[in-house]
Structures are given as C-alpha cells and as structure tokens.
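Reader: Could you walk me through a few of the labels used for this model? I would like to see how each one is justified.

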Protein chains: 2
Amino acid sequence: MPNVVPDASAVGGPSDEVVHLVESELRRWVGKGDDLMELVCLDALFPSGKLLRPILCVEAARAVNGAVQPVLAFAAGIECLHVASLVHDDIVDQDPVRRGRASTAEHFGIAEALLAGDGLSMAGHAAMLSGGLAQRVLPATRAVVDAMRRMTQAMMRETEIREDLTCSVATVMDVIRGKTAALISAACEAGAILSGATQPQTLALRQYGEHLGTAFQIRDDLLPYTSPDHVSGKAAVSDVANRQPSLPVLLAYELADAADRKRLDTIFRDESIDPASAHQAVCDVVTRTGAAAEAARRARSYADDARATLHGLPYTERLAELAETVVNRQR
Amino acid sequence: MPNVVPDASAVGGPSDEVVHLVESELRRWVGKGDDLMELVCLDALFPSGKLLRPILCVEAARAVNGAVQPVLAFAAGIECLHVASLVHDDIVDQDPVRRGRASTAEHFGIAEALLAGDGLSMAGHAAMLSGGLAQRVLPATRAVVDAMRRMTQAMMRETEIREDLTCSVATVMDVIRGKTAALISAACEAGAILSGATQPQTLALRQYGEHLGTAFQIRDDLLPYTSPDHVSGKAAVSDVANRQPSLPVLLAYELADAADRKRLDTIFRDESIDPASAHQAVCDVVTRTGAAAEAARRARSYADDARATLHGLPYTERLAELAETVVNRQR
C-alpha cells in the first residue's frame, strides 16, 4: 500500500493533541486525589514523562488507518503499567531521584510507593479492559501482560548481575529487551490489534516496537555517560552507585586494555569509593575505549531496523520520526 | 431450581481433587524454578495455603452446573494475584513470618520479594486471560481487577490508620471488605460468569463471596487473640507489634471502661513495650470487654448471610460447607 496520510478525522490530530488526550485519560483512571492512593498515583504520573508507550500505541493504530479514540483508554492503561514499574524499580534500586525530582519511595515511603505501584498497575489493567470489541481487547491485553512478565523477569535478572562485570554483553542485551523493548513492542502490537490490523501489519508493528525499544534503552543506558545530571533528569551516577553493569560499561570492559579493565574491576568491587568519583572514572573508561561510540552505533542500528519494518504500512510518518527522536534524545 | 447434585462428570471431583488440579495449574503458570523469578514465586506459592479463592471460583462454577476444567486456569490466576498481595503485604508490614515459615521478603530480600510479587501478579493475569470465550473472560477478569483495585486501596488505608485507635469500627470494616472480601467475592463472581450463569445467579454468588470474605477476615483478625502462634501459622503478635488497629481491638476500645481504654492507649503509643507483653495485655482487654465474643458473633452472622444467598442455586452443598469452615477455622 502507498505511504499516504489518511483522513485526519479518522486518525485524530498531531502528537501534542495525543499527549493531551492521554493525560485526560490517565486522570480519568487514577482519580482526582481524594485519598492517599490517588494522591500518590497522581504524583507518580504527573508531570508526565515522554508518554512514549501510549503515543506509540496511538500511532501504531494510526499507522494502519485506525482511529485514536478507541485506543486511548488502552494506551493510558499501558502508561499506568509502565509508571508502576518505575515506582517499583526505584524501590529496588533505592533511587531517590526520578524525572528530576524525588522518587515516589523517597517522597512517600517504601510501603506507600509499593502499594501505589500495585494500585497503578491495577488501574492500568482496568483501563485496558474497559471497552472495545472483546475479540480484540483480549489478545491486545495478552500481548501487554506477556510483555510485563518479561519485564519483571528482566528486572529480577538485573538484581542477579549486580556487581558482575563478567555477566556478558549478551545478558545485558537480554535485560534491555525484557525490561524496555517488550512493553514498547506490546504497545505497538496492541494499537494494531485494537484497530483491526492484518496479521502481517500487527507483526511488523510489533517488530518495529521491539527494535525501537531496544534503541531507546541503549540510548538510556548511555545517557549517564554523555549528559550531565540536570539534562538526563535522573541521577547520572545511579548505575555506577548501584554497581549495575550497563551496556556501555560491559562494552568498555570487553574493549578495554588490561589497565582499564583493572580500573573497572576495582571500582565495581570497592564500595568505599564515593559514587561521583566512581562515576567519573567509569565515564573516562567508557569514552576512552570507544564503548560510548559503539553503544551509540548500536542504538542507531536498531532505530534503522525499526524504520525498515514500517515499509508497506499505510501511514508511517510519525513512527519514523519517533525512531529518530528516540536515538537522538538527550534526556 | 431444586438443590440437586449435578452429574459428577459435569462438575469434577471433590475438593481435594480440586486442590490437586489447582496446584498443577499453578505450577504450569509459574514454571519449574529455572530462574530466580520462578524460584521465588514457587517458594511463595508452595506449600500452598488454603487455596480458598480458587476453590471458591471452581465451586461457584459447580453451583451453577458449570464444569471444573474451563475455570481452572482462571482460578489459579486468582490465587497468583492473592499470593502476590501477601508477598507485598509482608514487605509493607515488615512481617518475617507467613504460613509458619519465613516470609518471601525475609527469605530472599525486599527487592526480590517485590519483583516476585509483580511477576506472580502478571502470571495471574496471563492465566486468567489464557482461554475461554472472550465474552465471558473479559467481564470475569474485569471483576477480579476491580477487586484488586479495592484491595490496594484498602491496604493503603491500612497504612494510614496505623497507631490510630480512634479510626472507628466502620473504617476497619471498610478495610476488611476491601482487603479480603472483594477478591473472594470476585472469585465467586468470575466462576459464575465463566460458566454462563444468569445475571441473578452471578449476583447471588458475588454476594455470597462478599459475605463469606467478610466473615473470613473477621475470623482472621480474631485468631491472634484466640489461637497460640503455632496454630495460626503467623506471628500472633504482628498486628499489635505494628500498632495496626484490628476489629477486635477497636471493638474492645469501644466496649472498654476508662481504665482499659487507657491501657490500650498506652500500648498503642508506647513503642518501648516489648511486642509479646503488649500482645498479652491487648489480649486480656479484648477478652475481658467481650470484644472477642462480639467479633466471633459478627463473623457467624456474615457466614449465615453468605449461606442465605445460596438459596435457589442448582448445587450449593460445598459452598454452604465452606461458609461453615471459614467461621469455625482455628488457623
């Protein structure tokens, strides 16, 4: 099929209108802040982040000539699940900062953050199941649930490889795919399914999401080594402070000479080194070995793969743009 | 319709066969223990508890002449969600003991328990969505998700009323309904929906579950004051140690004379009192004021209400028995 822009009435407005619609939908599912649960959930959701997953869900629908309105609640549900995972992740990592301000656990306490994550997750499921054709909603929800299972497994795997510089680049790539690419892929797949896409279209959009999500997370892992703290909005030293081997570090470990490898070994073993100095030292090695450039190259390659899967879909302009945005982002 | 026992081939075997079937199904959804996620989830699930919720789901299906097999995966999914909530609850309450042994957080660590709870929850959703008619699976899942939302809200409310003896019996009854009765009710409702029950049948089974669940939790709150530690399988002193005002304590506070009320005030304010002495002192007041007897009376009343809702359903023998078991249990 030719790559034509479909009738605007069938696909909704531009992305900032989509952002507004998704945010309204999020508020509808989480409430106004009438009790502690709603207050904590609202604090976790707003001001909202990039809303990448709900936007992708909506844009995947548009890519197959689907309408925006019927996927909005589902898209908002995916964002609830994503933010719930962030809230729990900050408990796991003991991260005090998220999106440039106090993480939910830091602000409200661990018990409250844990329960708010659970509440947000269930609000997400309720939103996903709230309407539409049962024959579409069911497989779309299944896709998201399977992705969430992969995500929790990857997060658990991450706790296992902490402090382990020998866990291999392949393992960290698995974690990246499970932790991030899976849900981003499911968001695209769900948008397609809910819009009545054909099987090949659905598969293409799912693959697009898998590649895009991989590019996104590689870029995310790279940010602490390329952007100062205030730009990336998260504590740049977090991964190093937690001795969490990320892709740039493992690539550096593979590419390093004996002296630099020993430096990394020491940093990952010696908890007495203060986090800022440790981060700076790792930063130097990641740059010097070419690991930063290699990680950037891989992100670019996945983004290109993502764009390639769009070939033949009715309307792909926004999804192609998003692949570019993801790989060039500075935060 | 007369209260007849339906054809055994249509309804499956007795409850211990149901237990076996549910346990097999749980293993199918959680795996064999090939990675840390599976290991932690298996440890949380087995040896299994009473399996009250999946058994109720199956028995609700049988109550409307439904077959066991088509609801088994769904029933196992509900148990996964329930156990996930227990794993998280033990993090919130910092409880080292569950079912007579180390809680998941105590055994594996808080991060691992948090992630296993999330993984178990998603395994539960996957199981619920795994098969059957979409037109039935969707509303059945919605009922469970709504119940889980009520549960997380109630758990959050519980953290707010900690140490507050003036939060009122009505508030604690709300917590009981949200925390326990909601999911038990949804388990019964889902069993009915999945078996193609009529609307009045579905409503009756939902109400049965709401009453039964309320009776169950009142009994559960009472156990620390009537059963020694090794019988109830959980640390009897937990509620008092956490200064969590439970129904028996709030009833005692209402019924107490000035001296006993002052005693309770002191115990709930003074953190230097050791948990065992505090528990014994509360125990004495709960018994002396008649609060224990009043709580037992309320549990009995809800169990009677549960049985009354069964009137007119095709096969109610097991559900009626379960209402008795719940209110007479010693653990």
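Author: Happy to. This is a predicted model, and a good place to begin is A:Gly31, which has a positive phi of about 95 degrees just after H2(A).

Reader: What makes the span of helix H2 of chain A close to the expected one?

Author: Helix H2 covers residues 15-30 of chain A, 16 residues in total, and reaches 22 Å from its first C-alpha to its last. The expected span is 1.5 Å times one less than the number of residues. That expectation comes to 22 Å for H2(A), so the two agree closely.

Reader: Which residues of H2(A) are called buried, and why?

Author: They are A:Val18, A:Val22, A:Glu25, A:Leu26, A:Trp29 and A:Val30. A residue earns the label if 20 or more other C-beta atoms lie within 10 Å of its own, so each of these six meets that cut-off.

Reader: How do you know that they are on the same side of H2(A)?

Author: Around the axis they cover an arc of only 120 degrees, and therefore they share one side of H2(A). On the other side, A:Asp16, A:Glu17, A:His20 and A:Ser24 are exposed.

Reader: What do the buried residues of H2(A) pack against?

Author: Their partners are helices H3 (36-45), H4 (52-63), H5 (69-92) and H7 (110-128) of chain A.

Reader: And how many residues does each chain bring to the contact between A and B?

Author: Chain A brings 33 residues and chain B brings 33 residues. On the chain B side, H8(B) gives the most, with 16 residues.

Conventions. Residues numbered from 1 in each chain as written. Chains lettered and ligands numbered in written order. Predicted model: local features only at pLDDT ≥ 70, side-chain atom pairs only at ≥ 80, totals over all residues. Contact = placed C-beta atoms within 7 Å. Helix = DSSP H or I, 4+ residues; strand = E, 2+ residues; numbered from the N terminus. Buried ≥ 20, exposed ≤ 12 C-beta atoms within 10 Å, placed from the backbone. Arc of directions from axis to C-beta.
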